[in-house]
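I open these notes with a plain aim: to look up the charged pairs, then the cysteines, then the buried parts, and to write down what each search returned.

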Amino acid sequence: PDTLQGVNNLGSLLKAKGDNEGAEGFYRRALEGREKTLGAEHPDTLQGVNNLGVLLKAKGDYEAAEGFYRRALEGREKTLGAEHPDTLKVVNNLGSLLKAKGDNEGAEGFYRRALKGREKTLGAEHPDTLQVVNNLGSLLKAKGDYQGAVALLRDWGGRSPEASDKVRYNLACFECLHGNLNEAQHLLTEHLTLYPKVKKEALADPDLVSIRAFIDAL
């Protein structure tokens, strides 16, 4: 097991360096060894399964990645439970993968499940919970449901200062796309006051093109 942890770590290092091909070889070696020595449902084995899913998604091999994600989800549901943070991480990953594949309906189901589970187990202000809020908002935007995206982020942004801080920029984008330009300007003013370095990003953001001159003048 300690040797295989080193193998897995080398895979993670190569992935961080951008060498996905090299990383895949180490990840597969680690997974094969863990299946043999630890069993198919050991947490370390399932972590390796998830790692391969992440890597294959990064390589654009969505079909293979989905297979690994679904295997990791099934294993974690069985061994950890449906609402364990590690299980919900895979649920969120599946939502992101299906969105990348263009299956917005399937992605929405996984995102909503991840959001419900994380809110229950981690709380409404946890960064992982708010990550899914933004993911779901972006998905609704991709579906053209700007009203739904605005309603979602308004709801969450109003729950606490911490939540507002995490969703404010995306909410400004959705307000702008929905035609609520005054509200988008107000949100961007507040956000750029707190994070002035984001101005360059905002000026280049196609979602904010309608208020670009306003942003430039801030």
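**Salt bridges between helices**

I began with Lys 101 and Glu 63, which form a salt bridge whose closest N and O atoms are 3.1 Å apart. I then placed the two partners: Lys 101 is in helix α5 (residues 85–101) and Glu 63 in helix α4, so that the pair links distant parts of the chain, 38 residues apart. On accessibility, I noted Lys 101 as partly exposed at 32%, while Glu 63 is exposed, with a relative accessible area of 57%. I keep in mind throughout that I am reading a predicted model.

I next looked up Arg 71, which forms a salt bridge with Glu 35, the closest N and O atoms being 2.4 Å apart. Because Arg 71 lies in helix α4 (residues 62–79) and Glu 35 in helix α2 (residues 20–37), this pair ties together parts that are 36 residues apart in sequence. I found Arg 71 partly exposed, at 28% relative accessibility, and Glu 35 also counts as partly exposed, at 31%.

**Other charged pairs**

I asked how many salt bridges the rule gives. The count comes to 19. As a general reminder to myself, side chains of opposite charge can pair when their charged atoms come close.

I also recorded the salt bridge in which the side chains of Asp 155 and Arg 159 meet, at 3.1 Å from N to O. Asp 155 counts as partly exposed at 40% relative accessibility, and Arg 159 counts as partly exposed at 38%. Turning to salt bridges that share partners, I found that they join Glu 21, Glu 24, Arg 28 and Lys 59 into one network.

**Glu 24 within its network**

I wanted to know whether Glu 24 is buried or exposed. With a relative accessible area of 13%, Glu 24 is buried, and I located this residue in helix α2. The side chain of Glu 24 makes a polar contact with the side chain of Lys 59, at 2.4 Å. Setting aside residues up to four places away in sequence, I listed what Glu 24 touches, namely Leu 52, Leu 55, Leu 56 and Lys 59.

**Cysteines**

I searched the whole structure for disulfides and obtained 0. I then asked why Cys 173 has no bond to the closest cysteine sulfur. That sulfur belongs to Cys 176 and is 7.5 Å from the sulfur of Cys 173, which is too far for a bond, since a disulfide needs the two sulfur atoms within 2.5 Å. Read from the other side, Cys 176 is in no disulfide, with the sulfur of Cys 173 as the nearest cysteine sulfur. I noted that Cys 173 is buried, at a relative accessible area of 3%, and that Cys 176 counts as buried at 4%.

**The largest nonpolar core**

I went through the largest nonpolar core, which has 51 residues, and found that Val 133, Leu 188 and Leu 208 touch the most other members. The largest share of this core, 8 residues, comes from helix α9 (residues 161–177). For Leu 188, leaving aside neighbours within four places in sequence, I wrote down contacts with Tyr 169, Ala 172, Ala 202, Leu 208 and Ile 215.

**Ala 30 in α2**

I looked up Ala 30, which has its place in helix α2 and counts as buried at 2% relative accessibility. Not counting residues up to four places away in sequence, Ala 30 touches Leu 4, Val 7 and Asn 8. I also noted that the C-alpha atoms of Ala 30 and Gln 5 are separated by 7.3 Å, although the two residues are 25 residues apart along the chain.

**Helix α4 and what follows**

I checked the span of α4, which has 18 residues and reaches 25 Å from its first C-alpha to its last, close to the 26 Å expected at 1.5 Å a residue. Its buried residues, as I listed them, are Ala 65, Glu 66, Phe 68, Tyr 69, Ala 72, Leu 73, Gly 75 and Arg 76. Which helices cover the buried residues of α4? What I found includes α2, α3 (43–59), α5 and α6 (104–121). My last entry is Gly 81, just after α4, which takes a positive phi of about 105 degrees.

Notes. Residues are numbered from 1 along each chain as its sequence is written. This is a predicted model: local features need pLDDT of at least 70, side-chain atom pairs count only at pLDDT 80 or more; totals for chains, interfaces and linings use all residues. Side-chain values use heavy atoms; hydrogens and water are left out. A salt bridge is a side-chain nitrogen of Lys or Arg within 4 Å of a carboxyl oxygen of Asp or Glu. Helices (H or I, at least four residues) and strands (E, at least two) are DSSP runs, numbered from the N terminus. Buried means under 20% relative accessible area, exposed over 50%, partly exposed in between (1.4 Å probe, protein chains only). A polar contact is a pair of N or O atoms within 3.5 Å; within protein, one must be able to donate a hydrogen and the other to accept it, and residues adjacent in sequence count only if both atoms are side-chain atoms. Contact means heavy atoms within 4.5 Å. A nonpolar core is a set of buried Ala, Val, Leu, Ile, Met, Phe, Trp, Tyr and Cys residues joined through side-chain atoms within 4.5 Å. The expected span of a helix is 1.5 Å times one less than its number of residues.
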